[in-house]
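Student: Please take a close look at one part of this model, the salt bridges. Walk me through the pairs and their surroundings.

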Amino acid sequence: MSAPILLIPIALEWVLLITTLAPVALVGRFNSRPRLGLAIWFGSLLSAGLATGLALVVAIWSYFDTFAALEASLFGDSEWFMALAVSFGPWLALLLGGVSLVLVQQRLEPLVVTARQIKPAVDQAKRPLLNFMGTPVYAIDLPFAYAVAGRREIIVSSALQNLLNTDAFAAVLWHELGHIRGRHFGLKKLARIVRVLSPTLAASKALVAEVERLCEVVADDFATRNLGNKKAPALESARAIFRDSAF
């Protein structure tokens, strides 16, 4: 069975469709169903990645087919030249794949180095504050309102504690716990990696913005459900402190 070379342009066309149509078709469509929106965004991203992988697999398969055809044909006959011509496209795909891997390594390395440098400094600066629903909460001395959720912890600034009353502070903690329960740290990190690897694509820019926005909607919904109707306005009170900053 020979390699289905036709799949290469089909797969690459699918990648092109996803990267060009996603910003138009998906942005702002899932305000009422943010989890579905996140699933569709990352599902589209995954399908484009699988299509790229399929193109590379077919290219490699075609290489071996070409090698076998050249071995079976006499040098210089029509079949030999046809096999060589057909192999040009897959070889080009393999070349582009190799170049892409090098660029990926170059773009991701600064992110890894920066993360390794920042984490020890943050670990030294934070101090245990409380345990919220089984999740450790740490405080860090900063003169402005700040709250962030990691994979398994919440970090808040000392200024935030002074600015918010008890209910509003609880609303912030519920919101951040919503990020942890929804595994938003990993989703946002993946979206930013895609953005770094494809900075010129409108789809990657839209992906980061939509993931950030939809994760905030999910975390707000989580906080509102757990606060109850009487204390739900505390979430808006807390958000007013942050103004344009997300928490």
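Tutor: Start with K188, which lies in helix α7; helices (H or I, at least four residues) and strands (E, at least two) are DSSP runs, numbered from the N terminus. The model is predicted: local features need pLDDT of at least 70, side-chain atom pairs count only at pLDDT 80 or more, and totals for chains, interfaces and linings use all residues. Residues are numbered from 1 along each chain as its sequence is written, and side-chain values use heavy atoms, with hydrogens and water left out.

K188 is buried, at a relative accessible area of 13%. Buried means under 20% relative accessible area, exposed over 50%, and partly exposed in between (1.4 Å probe, protein chains only). Leaving aside residues up to four places away in sequence, K188 touches H179, V211, E212, C215 and E216. Contact here means heavy atoms within 4.5 Å.

Two of those contacts, E212 and E216, recur in a network of salt bridges that links K188, R192, E212, E216, D220 and R239. A salt bridge is a side-chain nitrogen of Lys or Arg within 4 Å of a carboxyl oxygen of Asp or Glu. Side chains of opposite charge can pair when their charged atoms come close.

Within this network, R192 forms a salt bridge with E212, and the closest N and O atoms are 2.4 Å apart. That pair links distant parts of the chain: R192 sits in helix α7 (residues 184-197), E212 in helix α8 (residues 202-227), 20 residues apart. R192 is partly exposed at 44% relative accessibility. E212 is also partly exposed, at 23%.

Next, helix α8 itself. R213 pairs with E210 in a salt bridge, with 3.0 Å between the closest N and O atoms. The two are 3 residues apart in helix α8, so about one helical turn separates them. R213 is partly exposed at 28% relative accessibility, whereas E210 is buried at 4%.

Now a pair between loops. E153 forms a salt bridge with K126, the closest N and O atoms being 2.9 Å apart. E153 lies in the loop between β3 (147-149) and β4 (154-157), and K126 in the loop between α4 (88-125) and β1 (127-132), so the pair ties together parts that are 27 residues apart in sequence. E153 is partly exposed, with a relative accessible area of 22%. K126 counts as buried, at 17%.

For the full tally, the structure holds 8 salt bridges.
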